[in-house]
Amino acid sequence: MDIYLKDISEQDLSLLFDFQNDPIANKMADVPARTREAFYQHWQQNIFANQHSMAIGIWYNKMLVGHLVSWVNLEFATVDEPEVRLIGYWIGREYWGQGIATHALRMFLQHYIKSPVYAYIDAQNQGSLKVVQANGFVEVTSQYPSLLIQDNLLIFKRER
């Protein structure tokens, strides 16, 4: 599988906007689409300008097919876990079910992320559940009630 990861640039945002503006993908992830302006503003303020965030493009056969992001949520820090790092990913629907997200997340975790790391997954999103479980995440929802932001979300954690 010809997959590689590369930093996201501003030029990539137009295609990433199209991926996140897919109503079927939005319903599956239970994430509403942003307007173009809000999408660009989110990336500028919360990802590119945030020293605790990173964004990596998923490239498959020399085409950008999605992205991986990671950020630190300082609000959830505890004495035991002073840094609560979360990951997320989005892949164009036409690339679902091919193992691309699973493989890309594995590469991302190996090269960019120090454990532990968390992921929020909507309970209905079977594809994402498979991706995180294939990469060593285990469900810890009941152990972290303070991290819940929506009832339908499950919390997964990967130690290493």
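The salt bridges of this predicted model are described below, together with the solvent exposure of the residues that form them. Three salt bridges were identified. Side chains of opposite charge can pair when their charged atoms come close.

One salt bridge joins D18 to R36, with 4.0 Å between the closest N and O atoms. This contact links distant parts of the chain, since D18 belongs to helix α1 (residues 13-20) and R36 to helix α3 (residues 36-48), at a separation of 18 residues. Both partners fall in the intermediate exposure class: D18 is partly exposed, with a relative accessible area of 41%, and R36 is likewise partly exposed, at 39%.

A further salt bridge is formed by the side chains of D22 and R93, with an N to O distance of 2.7 Å. This pair also connects distant parts of the chain, D22 being placed in the loop between α1 and α2 and R93 in the loop between β4 (85-91) and α4 (100-111), 71 residues apart. D22 has a relative accessibility of 12% and therefore counts as buried, the limit for that class being under 20%. R93, in contrast, is partly exposed at 36% relative accessibility.

The side chains of E159 and K157 likewise meet in a salt bridge, at an N to O distance of 3.0 Å. E159 is exposed, with a relative accessible area of 51%, because the exposed class comprises values over 50%. K157, by comparison, counts as buried, with a relative accessibility of 9%. The acidic partner is thus exposed in this pair, whereas the acidic partner D22 of the bridge to R93 is buried.

Methods. Residues numbered from 1 in each chain as written. Predicted model: local features only at pLDDT ≥ 70, side-chain atom pairs only at ≥ 80, totals over all residues. Heavy atoms only, no water. Helix = DSSP H or I, 4+ residues; strand = E, 2+ residues; numbered from the N terminus. Buried < 20%, exposed > 50% of the residue type's maximum accessible area, 1.4 Å probe, protein only.
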